[in-house]
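Thanks for making the time this morning. I would like to walk you through one structure, beginning with how far we can trust it and then moving on to a few places inside it.

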Amino acid sequence: MAKSPSYDTFKQRDPLAPDSGYVMKTTAVLPQHVGAASESKRAQGRPFYRPGPLSFVDGVLFKMAASLSAIAIIFSGLAYTALARHQPLQHYGRDSVKGTTFLDHADPISSFLGRTFLQSNIPYLDIPDKLIQDVFYYRWTSLQRNLRYVTAGTGYMCTEFVHPVGYAKAFGTIDAAAGHQIDESRWLRDTAYGDDYIQLYTRGPADPLQYTQWILDAASRRAMVTGDSKFLANQLNDMIRVWHLWDPYFDSSAGLYYYQPVWDAQELSLPGFIADPDNTNWDLRKDGPDTYRPSHNAYMVANARAIARAAELAHNGLIQSQFLKIAGDLETAMYEHLWAPEQEFFMDIIRPNNPNLTRLTGREQVGLFPYRFGIGLNESYAQPALDAMFDPQGFLSPYGPTTLEIRDPWFAATKPTDYCCWWNGMSWPYSTGHTLKSLAAIYRSGATNATAEQYHEYLQMYARTQQKNGMPYVAESHYPFEDAWSQDQNNHSENYDHSTNNDDVITGLMGVMPQADDTLRISPIVPSNWTYFALENLAYHGHLVTILYDEDGSRYKAGPGLSVYVDGAKVHQGKDQTAVVAIPPPILADDTQINIAANPDGIGQYPMADATFTFSLDYVYEAIDGVVYYDTIPDNRWTDYTSPNQNDTLTVYFARPRNVSSVTLALFSDVARGGKVDLPGRIEIYGSKGLITTVDSSARLLANDHNEINFDVVETTFVAVNLFRSSSTTWVGVCELEVWTPRETGPTYYAVDAHLTGTNTKVLFDPLSMATDNGAVVGGVRSDSNVAFSGIQSDGRPAQLVLSYANLDDTAANVTVQVNQVAQKLLELAPTKGGYVPIKTDITLAVGRNYVSLNGGSDTAEVRFETLTIS
């Protein structure tokens, strides 16, 4: 069969054009489409950006290779090509770890997209309750959709909404549910997701003061799952920094913390209605007044104890004792002020105009939160809480629990449609996750008449809530008495990552209780009539643990009673459902690779993206934004749908030449869903020196999944992926283009690799700079600039920082050096008369990966950064 000709998808561009935005002596040639498509065919309402220059030779070779692809195929034999049909993040020293295969690993996830992630990361479940089991598998996919790769060096984070919202902070972070997200993701085999996310708050630019949170507590408990106690100990100083951010909101006379309920993630909750009963002040009613809350103060107790544990691991007894005392004093103040003996509940106290600290009289679900953190676990506190959970006039409802007691005058079973978030009765998964953990803690305390059947009832109620159109689903809030979500906005609320579910199944129902030493405690909370249950290949301390309970041994053929396997070997067999088993020493992750194609900012910064054709409702930068999911709606992808071309090219440009040996494509296909986008029939990959490699058949590709294409190392300033349509009636699509390379180890780091913010801060190409082959530097360094280097590894010893810079003015510019968000030095950048000169200073880095930021510059001088050397 004759090969189809390739379109000439590239043409030269004048580098001296007024909009080029670059200073460079060499002639630039850019890939651009020549054909019927016009810019109106690109993403409507989004600016289109033509990316940076190639050398003249690179451009000519690129153009010739694309125009004559049939000839260029001859040269593909020069490069070794391997197509890996698996998740690309295989960078961990755990190849010797083997699991078991008692359960079916294919059918439970067969209906999901992105299956290689699931196969590589999740445990498998087998229980008599199919509703809970189905939601368990679905919730791994909702977590998967909300994992976002931010920048090389920073790594991963968890989003709350799959599409970032305007009030989100750095990289789209929202700290309100970060504790839930850390709890849920700690069970993934790949520990990079949690490590990166935690450090984004402890050392990075994420804001741990936006909402109340229990991030430090979650990080401490996660360390018991990963077995990486050094990681937690190394965060000690950073955890203390985060703790003290809350000092302005501590009332020493009451001994309690306060915040507005809206920033406790619960607007339109009881304090707002009490403060504005006549609805004359919407902002006061919505946000609520400053309030001492059981939730917030319980979080702070837990965070203080987490710091104490990190201090113990770091062998710092003084800090350990200080924070144990802080936690104890705060817990005592909660009992003294927030516990209402007459109501037998932890209550809110409005702060303004309330010198006597009079408590509210309405019981809110936040009063149930303290128990999960070990507060109130004796009969006088815990039994009333348990009774309220199962009281039909309390918090119990078919799709509950409710956020306010049903008997309360301010309770509402429905909500207006003109505002999203009402916390005076709606059922919120965010709060249900807390309540399930409190119920498990109360049950295990033995101080009440709680039963395993009650825990199962709540977990099943939660699973029943997480449904839509007969399928597992999670959105924002749910009606307590109606089988419908009360906040579920199209292309916004889907797969909302604001709660736990699987962590509750694992630690509650299945009874996996992580320990600080090399053991695992198993204590399930399952109904007495269950004759079997299984959790297979659960990641724990870098090993794979399988827990089987089979009353008579007939289901799993592993013997009657409880069987426990570690890395495929049986380590326990007993009649009881409980056990404590020894675990081998932790196997910790190797240093992961980095994705140099990720761009969290979109247009205007490197890496840059371009395509010869983009469907009007898609956006080319969504192919490199670090977000990977394959849904039709919500959408996040590039496609060439409606393109008149037989093949179209998606290109990512780097700020400087990079050594590349693989390209990973998350390929989109919706033909099985009635759409017109399918796998490409052929793929060609180009770099600066022309064709790198080809994939000649779609039979070797996975639809709606990662496809890693490996080849010999090449140096290039771009990667262009030329995708051929497999038929005249289908088009092609990419959800994400990733380029994984080894992590930069220093001592020299290029400024153009840093994350850049600031009105004029961007990559320039300066012929006077010799740091890179193409003269790439960071220019436009102004007073609002932040040039952030992330992932700088250190053993914690003092280091010398050398900044290579140019100051083209006659006056000095001041730049602050921040290490892990703490200012350490002020640099005075003297004029350099056009050339690049070094300036040195001493800094102190933390053990592990660091964030080093250069803040500020000059609003009058042209300041440029070339390299940062740390040794």
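What you see is a predicted model, and its chain averages a pLDDT of 90, with 89% of the residues scoring at least 70. That leaves some stretches to treat with care: over residues 1-80 the pLDDT is below 50, although this stretch has 161 contacts in the model beyond near neighbours in sequence. Residues 85-94 also have a pLDDT below 50, and there the model shows 42 contacts beyond near neighbours in sequence. Where pLDDT is low, the predicted coordinates should not be read in detail.

Let me turn to the interior. The largest nonpolar core has 235 residues, and those with the most contacts inside it are L737, L803, L829 and F865. Helix 12, which covers residues 294-313, gives the most to this core, contributing eleven residues. If we take L829 and leave aside its neighbours within four places in sequence, we find it in contact with L803 and F865, and also with others including Y805, N807, I839 and V863.

Next, please look at one of the sheets. It is an open sheet of five strands in the order 2-17-18-19-20, with antiparallel pairing. Strand 2 (124-126) and strand 20 (569-574) each have a single partner strand and stand at the edges, so one side of each is left without a neighbour in the sheet. On average, and ignoring direction, neighbouring strands of this sheet are turned by 15° against each other. Helix 4, made of residues 130-145, packs on the sheet, where it touches strand 2 and strand 17 (532-540), and its direction makes about 175° with that of strand 2. At the other end of the strand order, strand 19 (residues 561-566) and strand 20 pair in the antiparallel sense over five bridges, and L562 stands opposite G574 in strand 20.

My last stop is a single residue, Q466, which lies in the loop between helix 16 (452-465) and strand 11 (467-468). Is Q466 buried or exposed? Its relative accessibility is 0%, and because the cut-off for buried is under 20%, Q466 counts as buried. The side chain of Q466 makes a polar contact with the side chain of N501, at 3.0 Å. Not counting residues up to four places away in sequence, Q466 touches V135, R139, M471, P472, Y473, V474, W485 and N501.

I will stop there and take your questions.

How values were computed. Residues numbered from 1 in each chain as written. Predicted model: local features only at pLDDT ≥ 70, side-chain atom pairs only at ≥ 80, totals over all residues. Heavy atoms only, no water. Core = buried A, V, L, I, M, F, W, Y, C linked by side-chain atoms within 4.5 Å. Buried < 20%, exposed > 50% of the residue type's maximum accessible area, 1.4 Å probe, protein only. Helix = DSSP H or I, 4+ residues; strand = E, 2+ residues; numbered from the N terminus. Contact = heavy atoms within 4.5 Å. Pairing = 2+ DSSP bridges. Axes fitted to C-alpha atoms, helices over the stretch in contact; angles between N-to-C directions. Polar contact = N/O pair within 3.5 Å; in protein donor to acceptor, adjacent residues only side chain to side chain. pLDDT = per-residue confidence, 0-100.
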